[in-house]
Amino acid sequence: MAFALPSSLVSVFDKSFIKPSSLTPSTQRFHKLSFVDQSLSNMYIPFAFFYPKVQQRQESKNSDELSQIAHLLQTSLSQTLVSYYPYAGKLRDNATVDCNDMGAEFLSVRIKCSMSEILDHPRAAHAEGIVFPKDLPWANNYEGGNLLVVQVSKFDCGGIAISICFSHKIGDGCSLLNFLNDWSSVTRDHMTTTTLIPSPRFIGDSIFSTQKYGPLITPQIVSDLSECVQKRFIFPTDKLDALRAKVAVESGVENPTRAEVVSALLFKCATKASSSMLPSKLVHFLNIRTMIKPRLPRNTIGNILSMFSTAATNEQDIELPSLVRNLRKEVEVAYKKDQVEQNELILEVVESIRKGKMPFENKDGYHENVYICSNLCKYPYDTVDFGWGRPESVCIANGPFKNAFFLKDYKAGRGVEARVMLHKQQMSEFERNEELFEFIA
């Protein structure tokens, strides 16, 4: 039975724009975007963090609790934006951020239900969307719009959710995690007497320069939300361990990773659910901070990405042993490459421009059997602590396009939570796959 929450449960309490607490120097007015940044659309990456009942201060009154929490978060956000100054600007064009201190948009919202009414429905990923700014998640940023939009939502039970929509143009998932850790640390310090000054490292176009290929006038990898359905699938630790053991024996791959076996299974099931099964391709995005020489620190900000892929041309190719063997081989190849000069994502974009098509598109238009996987496992989003402890749950919103898999840790364990986005007709067939249900909760 479908589960949905009416939008009438949401009432906007306040909307404001949070500027950096000190002006950005004129020498930092324009932030150059790299070739990879320019390739991506300015769609918003949406994350939400759910915290159980937040203990209010003794002097506060319940009627003022939301405004007090919002004020605390706004103050710390204003201070954090001094270091993350591009996030308070706007796009000047596809290659430049005007760091004009326009500020981040901040919404305070009341939701007239308890948090459990959302979190107790694990398969209903769309229910969590109620805590995101309306129509914003994964959407392409409107011209001149804010690059960062935050919403704090207070539930009737006293719990709160902090959602953030962060422009992909200025950073990847690791960049977002850096920002969240710094912002939450500044917020916690407001409850004490210490002062933290974040130190992100913005690399701009110093690594993936546009000198070789020229600047891109328009993005090449864009969001398309039409006919897209998202579902949430949980691979608990015991079943995932059984799947890894099974694949290890059948494939000969030593200690297959969680991401390898889960992405392979999702790819197999999605391909079988497609009306035109083969040929098909599974593309994994790669965070290459540790693969570039010299290695880049974790606090490097930007889209520091590449990709690797495996193709399937016959039914044997989509069997798990073959898929995992090929994925392992392609990862090993990727680690041997110069990820600046031989960056597969850049090469895909350059080749698509040469052929007059979009990336991951065949000669007839969008290749329906290309699947994109973003692996966020081992990224500790579930440790983001604004002063109220770890979040009870972390989620992403529906989108951004069909044929996408997002993987992340499930409840700080060795399990995996997969967000699967497919065309609605394909999803209906995908959900009936018996092999998939053998390994999910």
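These questions and answers explain some of the labels used for this predicted model.

Q: Why is the pair of Tyr51 and Trp388 called edge-to-face?
A: Rings pair if their centres lie within 6.5 Å, and planes over 60 degrees apart count as edge-to-face. For Tyr51 and Trp388 the values are 5.9 Å centre to centre and 70° between the planes. The pair therefore meets both cut-offs. It is part of a total of 19 aromatic pairs in the structure.

Q: What makes Tyr51 and Trp388 a link between distant parts of the chain?
A: Tyr51 is in strand S3 (residues 44-51), while Trp388 is in the loop between strand S16 (370-375) and strand S17 (393-396). The two residues are 337 residues apart. Both Tyr51 and Trp388 are buried.

Q: Why is the pair of Phe233 and Phe430 called edge-to-face?
A: The ring centres of Phe233 and Phe430 are 5.6 Å apart, and their planes stand at 70°. The cut-offs are within 6.5 Å for a pair and over 60 degrees for edge-to-face, so the name applies to Phe233 and Phe430. Phe233 belongs to strand S10 (residues 228-235) and Phe430 to helix H9 (residues 424-430), 197 residues apart.

Q: How do you know whether Phe233 is buried or exposed?
A: Buried means under 20% relative accessible area. Phe233 has a value of 0%, so Phe233 is buried. Phe430 also counts as buried, because its relative accessibility is 0%.

Q: What links Tyr51 and Trp388 with other aromatic residues in a cluster?
A: Ring pairs do this. The cluster includes Tyr51, Tyr84, Tyr85, Phe166, Trp183 and Trp388.

Q: Why is the contact of Glu105 and Lys15 called a salt bridge?
A: The rule asks for a side-chain nitrogen of Lys or Arg within 4 Å of a carboxyl oxygen of Asp or Glu. The distance from N to O is 3.3 Å for Glu105 and Lys15, so the rule is met. By this rule the count comes to 19 salt bridges.

Q: What makes Glu105 and Lys15 a tie between separate parts of the sequence?
A: Glu105 lies in strand S6 (residues 104-111) and Lys15 in strand S1 (residues 10-18), so the tied parts are 90 residues apart in sequence. Glu105 counts as buried, because its 11% is under 20%.

Q: How do you know that Glu65 and Lys154 form a salt bridge?
A: Their closest N and O atoms are 3.7 Å apart, and the limit is within 4 Å. The pair therefore qualifies. Glu65 is in helix H2 (residues 65-83) and Lys154 in strand S7 (residues 148-155), 89 residues apart. Glu65, at 2% relative accessibility, counts as buried. Lys154 is buried too, with a relative accessible area of 10%.

Q: Why is Glu344 called partly exposed?
A: Partly exposed lies between the 20% and 50% limits. Glu344 has 27%, so the label fits. Its salt bridge partner Lys337 is also partly exposed, at 23%. The closest N and O atoms of Glu344 and Lys337 are 2.5 Å apart.

Q: What makes Glu117 eligible for a surface patch of negative charge?
A: A patch residue needs over 30% relative accessible area and no salt bridge. Glu117, in helix H3 (residues 116-119), has 35% and so passes the area limit. Glu117 gathers with Asp120, Asp156 and Glu392 in this patch.

Methods:
Residues are numbered from 1 along each chain as its sequence is written. This is a predicted model: local features need pLDDT of at least 70, side-chain atom pairs count only at pLDDT 80 or more; totals for chains, interfaces and linings use all residues. Side-chain values use heavy atoms; hydrogens and water are left out. Patches are made of residues with over 30% relative accessible area and no salt bridge: like charges are joined within 9 Å, nonpolar side chains (Val, Leu, Ile, Met, Phe, Trp, Tyr) within 5 Å. Accessible areas come from the Shrake-Rupley method with a 1.4 Å probe; for residues, only the protein chains shown count as cover. Lys and Arg count as positive and Asp and Glu as negative; His and the chain ends are not counted. The place of a charge is taken as NZ of Lys, CZ of Arg, CG of Asp or CD of Glu. Helices (H or I, at least four residues) and strands (E, at least two) are DSSP runs, numbered from the N terminus. Buried means under 20% relative accessible area, exposed over 50%, partly exposed in between (1.4 Å probe, protein chains only). Rings of Phe, Tyr and Trp (its six-membered ring) pair if their centres lie within 6.5 Å; planes under 30 degrees apart count as stacked, over 60 as edge-to-face and the rest as tilted.
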